[in-house]
Each structure stands twice: as C-alpha cells, then as structure tokens.
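Please look over the model shown here. The report below takes up its annotated spans, helices, ring pairs and cysteines.

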Amino acid sequence: MIRYLALRLAGVAGVLLVICAVTFTIFYVFPADPALQACGKSCTPERLAMLHHQMGLDRPLWRQFTDYLAGIFAGRTYGSGPLAVQCHFPCLGFSYQNNMPVWDLMMQRLPTTLSIGVGAAVLWLAGGVGVGVVSALRKDTLLDRTLMVGMLTAASLPIYFTAMALTVLVVQLGGLLPYSSYVPIADDPVGWARNLVLPWAALALLYAAMYARMSRASMVETMAEPYIRTARAKGLPERTVVAKHGLRAGLTPVLTVFGMDLGALLGGAVITESVFGLPGVGRLTIDAIDKSDQPVVMGVALLAAFFITFANLAVDLLYAAIDPQVRYA
C-alpha cells in the first residue's frame with residue numbers, strides 16, 4: 001500500500017509538472033505580451049519596459065519557467081529596488097491588475113467554491129444514487145420509467161435556466177429564501193446554508209440526473225451477476241444482498257466519475273457562480289479572462305488540475321474500502 005501510494009504521488013507530481021509546463025507555454029508564449037496586458041490603456045514604452053523587467057519577461061524563456069517553478073515552492077521577488085514585489089510561498093504569479101499575488105486572490109474566493117461544490121456533491125450523490133438504485137430494483141416497472149424520464153428531463157435543462165427558474169420561483173414569487181450570497185460558515189452556519197440552497201439545488205439537479213442513470217445501469221448489471229444469485233440462494237435478506245453485495249460493487253464506476261466531477265467543480269463552478277453572483281473561483285476566472293489577467297487564469301488552471309489529480313488519487317484509494325476484491329500491493 002505504501003509503495004503504491006508513493007508511486008501514485010510521484011505520478012501526480014509528474015502530471016502537475018506537465019500541466020504547469022503546458023499552461024506556462026499557452027499563457028506566456030502564444031498570446032499577446034503579458035506585460036502589455038498589465039500595462040493598461042495609458043501605457044508608455046518606459047512603463048512597458050519596466051513591467052517587462054518587473055515580471056521577468058526580459059529573461060530567456062527557460063529561465064522564466066524555472067523561476068516560476070521555484071516560486072511555487074519557495075516564493076519569489078518580482079523586480080528589484082523600491083518597486084520590488086514580494087510573492088510568498090506558494091507563489092503562482094502576481095496579478096498587477098489586482099495588485100495581489102494570485103494565490104491570495106484564489107484563497108479569498110476558494111471558501112465560496114468549496115461550499116458550493118461540496119454541498120451540491122452531497123445532494124447529487126445521495127439523490128442520484130438513491131434514485132438509480134430504486135429504479136434498478138424496480139426495473140421495467142412504471143416507477144422505473146417515471147424516475148428515468150424525470151431524471152432525463154432534469155439533465156436536459158441547462159444549468160443557467162435551472163438557476164434562474166429556481167430564483168424566480170423560490171425567491172421572487174415564493175419568498176422562501178433570500179437572494180444567494182456568500183456568508184462564511186463560521187459567522188452564521190444557518191445563513192450560510194440558506195444562501196447556498198439554490199446553487200446547491202441547481203447543480204445537484206443536473207448532476208443527479210446523470211448519476212441516477214449511471215448507477216441504475218451499474219446496479220442492473222451487478223444484480224444479474226452469479227454471486228448475487230448465490231447470496232440469495234444462501235437465504236440472505238434482500239436488504240443485505242442489495243446493500244452489502246450489490247451496492248458496493250455497483251458504486252465503483254460511479255465513484256470514478258464522482259472524483260472527476262468533484263475535482264473539476266472545486267476548480268470553479270463558473271456558470272453557477274456567475275448566475276447567482278457568488279464570489280468564487282469560477283467568477284474570478286471569468287473576470288480574469290475579461291481583463292486578460294493571464295497570471296490569474298494560469299493559477300486557476302493549475303488549481304483545477306491539482307483538485308482533479310488528487311480527487312482521482314482519493315478515488316483509487318477508496319476502491320479498496322468499497323470493493324473487497326481490490327487490493328494494493
């Protein structure tokens with residue numbers, strides 16, 4: 001197990017290094033001059049040259065990349081003299097348009113994104129898997145068809161339509177909940193939950209529909225396996241057969257996709273945060289793209305890659321807990 005974990009961590013580090021190199025190439029080689037983007041409308045040749053030196057863009061490309069990597073692990077200083085800017089560990093770049101390190105900008109927005117992503121994930125996993133299991137156990141009945149049609153309808157609705165419809169029905173017409181805003185959970189747990197119910201519901205409706213269909217197909221296949229018939233022939237209660245033998249094996253493919261979806265969502269729920277006006281990482285990404293703030297866009301890309309790779313690692317480790325046949329040497 002320790003050897004497997006060490007190899008996987010080495011693989012994760014390699015993937016992140018490749019992603020870092022690719023994103024650096026995309027944002028610092030192919031597009032327009034990053035210094036020109038940060039210079040602003042009233043840019044002079046002198047100020048542009050100063051920004052080139054300040055951002056280290058007057059150095060060879062390989063040196064810029066190694067400086068960027070070194071900054072992630074040890075921090076770095078942009079420029080020199082009285083105009084020097086200190087970027088502490090972990091330095092993912094400096095946003096001159098916001099006059100802040102990229103890491104600090106993302107950490108200000110990350111609690112909002114984590115709250116949205118984790119809360120919605122709990123809802124869609126519980127709802128989607130629950131509906132899928134019930135539908136699989138009642139295969140080809142009226143209940144099965146009704147549940148699957150409802151899930152297919154929910155999956156067909158765009159997230160921005162669902163978000164706006166929920167806002168109109170629940171907030172404007174019903175007056176049941178306030179307009180969504182972010183309240184830190186430490187300040188007011190009840191207010192935190194009330195303000196995030198609608199974003200959770202909008203995301204959960206979309207994902208729950210896909211998970212219901214996926215878990216239904218997996219459970220139908222699993223419940224037809226010979227070992228399920230053997231468990232029933234031994235006289236085990238149906239609840240034990242379904243929960244202990246069927247559900248554990250049937251959840252394996254669902255868990256794989258769940259790790260990917262949750263990891264990507266923690267990198268920023270772009271549409272949901274934009275529709276509800278929540279100050280998360282996704283909203284930060286949209287603002288950075290509008291302003292051509294390349295260091296911020298690159299930092300968010302690396303953050304999303306980090307969440308996805310580690311979510312996949314966590315899923316692989318959970319396989320052994322869910323499926324007894326899985327063992328790691």
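The text moves from record annotations to single residues.

**Annotated spans**

This is a predicted model. An unreviewed UniProt entry carries the annotation "domain: ABC transmembrane type-1" for residues 110–319. In the model, residues 110–319 are 83% helix and 0% strand. The end C-alpha atoms of that stretch are 28 Å apart.

The unreviewed UniProt entry also places the feature "transmembrane region" at several spans, including residues 7–30, 192–212, 254–276 and 296–322. Residues 114–137 and 149–172 are among the spans with that feature. The table sets out the values for these two.

| Span | Helix | Strand | End C-alpha atoms apart |
|---|---|---|---|
| Residues 114–137 | 100% | 0% | 34 Å |
| Residues 149–172 | 92% | 0% | 28 Å |

**Ser-135 in helix 5**

Helix 5 runs over residues 102–137 and contains Ser-135. Is Ser-135 buried or exposed? Ser-135 is buried, because its relative accessible area is 0%, and the cut-off for buried is under 20%. The side chain of Ser-135 makes a polar contact with the side chain of Arg-216, at 3.3 Å. Setting aside neighbours within four places in sequence, Ser-135 is in contact with Arg-216, Asp-144, Leu-147 and Met-148.

**Helix 7**

Helix 7 covers residues 159–173. Does its length fit the expected span, or what do the end atoms show instead? At 1.5 Å a residue, its 15 residues should span 21 Å. The end C-alpha atoms of helix 7 are 20 Å apart, which agrees. Its buried residues are Ile-159, Thr-162, Ala-163, Leu-166, Thr-167, Val-170 and Val-171. What covers these buried residues includes helix 8 (189–223) and helix 11 (270–276). After helix 7 comes Gly-175, with a positive phi near 60°.

**Aromatic pairs**

A pair of aromatic rings is described by the distance of the centres and the angle of the planes. The structure holds 10 aromatic pairs. In one of them, the rings of Trp-124 and Tyr-207 have centres 4.3 Å apart and planes at 20°, so the pair is stacked. Planes under 30 degrees apart count as stacked. Trp-124 lies in helix 5 and Tyr-207 in helix 8, so this pair ties together parts 83 residues apart in sequence. Trp-124 and Tyr-207 are both buried.

Trp-124 also pairs with Tyr-211. This pair is tilted, with 5.9 Å centre to centre and 45° between the planes. Tyr-211 lies in helix 8 and Trp-124 in helix 5, so the pair ties together parts that are 87 residues apart in sequence. Tyr-211 is buried, as is Trp-124. Ring pairs link Trp-124, Tyr-207, Tyr-211 and Phe-258 into a cluster.

**Cysteines**

How many disulfides does the model hold? The count comes to one disulfide. Cys-87 and Cys-91 form it, with sulfur atoms 2.2 Å apart. The link of Cys-87 and Cys-91 is right-handed, with 105° about the S-S bond. Both Cys-87 and Cys-91 are buried.

Cys-20 is in no disulfide. The nearest cysteine sulfur to that of Cys-20 belongs to Cys-91, 11 Å away. A disulfide needs sulfur atoms within 2.5 Å. Cys-20 is buried, because its relative accessible area is 4%.

Definitions and conventions
Residues numbered from 1 in each chain as written. Predicted model: local features only at pLDDT ≥ 70, side-chain atom pairs only at ≥ 80, totals over all residues. Heavy atoms only, no water. UniProt positions renumbered as here; feature names shortened; annotations may be inferred. Helix = DSSP H or I, 4+ residues; strand = E, 2+ residues; numbered from the N terminus. Buried < 20%, exposed > 50% of the residue type's maximum accessible area, 1.4 Å probe, protein only. Polar contact = N/O pair within 3.5 Å; in protein donor to acceptor, adjacent residues only side chain to side chain. Contact = heavy atoms within 4.5 Å. Expected span 1.5 Å × (residues − 1). Phe/Tyr/Trp six-rings, centres within 6.5 Å; stacked < 30°, edge-to-face > 60°.
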